[in-house]
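Work through these exercises with the structure open. Each one sets a task and then solves it step by step.

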Amino acid sequence: MWTGTDGDSAINRALSPSERPDACSAANLLPFLGTNLAVGRPVIVSAASPGKLGALAVDGVASTGWESGADPPGSIEIQLDSASIVCEVRLTVNQYPPGSTVHRLLLRIGGQWQVVHTFSGQTQIGQVLTWTSPQPVAGVTAVRVETVASPSFVAWYEIEVLGTKAP
């Protein structure tokens, strides 16, 4: 029988936190953050201008985007492929003129919508609004962004939902 100190403490070293890092630490979430679950997924929008369909907000191209052609309130909803683990959502602003805005970020978990964050403040074209969850959120089947107030029509260049499919 070996103890933790036998063999030059090989067992203690193998079981130490430096060899077995915490899977929930921010550094170990980077693989989750690298997958954009929104790309190419179906969307539901409150309205769309001709040629500026909702799919352009999830095409993976920052220079294209959805435009509702309507003032707030307005929304875009992204249907994920399956129940997923979400770590972060990034919204690239498509707004002119710059000004005060309010946007609500909702996740659908177990069939229920939950507001996870409200962005409120001055925004301008090209700005990226980022929500990072303090811990990964499991069971997310859709993401919705509601624009409550804005000096311009409701629109987004790109919406990224970073995470991974649930096992």
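**Exercise 1. Find which backbone oxygens the side chain of Thr-64 reaches in this predicted model.**

Solution.
- Start with Val-61. Its backbone oxygen lies 3.1 Å from a polar atom of the Thr-64 side chain.
- Go on to Leu-56. Here the side chain of Thr-64 reaches the backbone oxygen at 3.4 Å.
- Check the cut-off. A polar contact needs a pair of N or O atoms within 3.5 Å. The Val-61 distance is 3.1 Å, and the Leu-56 distance is 3.4 Å.

**Exercise 2. Place Thr-64 in the chain, list its contacts, and decide whether it is buried, partly exposed or exposed.**

Solution.
- Locate the residue. Thr-64 sits in the loop that runs between β1 (43-45) and β2 (66-67).
- List the contacts, leaving out residues up to four places away in sequence. Thr-64 touches Leu-56, Asp-59, Tyr-157 and Glu-158.
- Compare with Leu-53, eleven residues away along the chain. The two C-alpha atoms are 10.0 Å apart.
- Classify it. Buried means under 20% relative accessible area, and exposed means over 50%. Thr-64 has 24% relative accessibility, so it counts as partly exposed.

**Exercise 3. Do the same for Gly-163: which strand holds it, and is it buried or exposed?**

Solution.
- Find the strand. Gly-163 belongs to β7, residues 155-165.
- Read the accessibility. The value for Gly-163 is 0%, so this residue counts as buried.
- Look across the chain to Ser-84. It is 79 residues from Gly-163 in sequence, yet their C-alpha atoms are separated by 7.2 Å.

**Exercise 4. Describe how β4 and β5 are joined.**

Solution.
- Set the limits. β4 covers residues 99-109 and β5 covers residues 112-123.
- Take the direction and the bridges. The two strands run antiparallel, with eleven bridges between them.
- Pick one pair. Thr-101 has Gly-121 in β5 as its bridge partner.
- Inspect the turn. β4 and β5 form a hairpin with two residues between them. Gly-110, in the turn, has a positive phi of about 60 degrees.

**Exercise 5. How many cavities of 30 Å³ or more does the whole structure hold, and what lines the largest cavity?**

Solution.
- Count. The search finds one cavity of that size.
- Size it. The largest cavity holds about 40 Å³ of space.
- Name some of the lining. Among the residues are Val-93, His-103, Thr-147, Phe-153 and Trp-156.
- Sort the lining by class. Five residues are nonpolar, six are polar and none is charged.

Conventions:
Residues numbered from 1 in each chain as written. Predicted model: local features only at pLDDT ≥ 70, side-chain atom pairs only at ≥ 80, totals over all residues. Heavy atoms only, no water. 1 Å grid on protein atoms, 1.4 Å probe; cavity = no way out; pocket = protein on both sides within 12 Å on 5 of 7 lines; lining within 4 Å. Points joined across faces, edges and corners; volume = space filled by probe spheres on them. Nonpolar A, V, L, I, M, F, W, Y, C, P; charged D, E, K, R; others polar. Pairing = 2+ DSSP bridges. Helix = DSSP H or I, 4+ residues; strand = E, 2+ residues; numbered from the N terminus. Buried < 20%, exposed > 50% of the residue type's maximum accessible area, 1.4 Å probe, protein only. Contact = heavy atoms within 4.5 Å. Polar contact = N/O pair within 3.5 Å; in protein donor to acceptor, adjacent residues only side chain to side chain.
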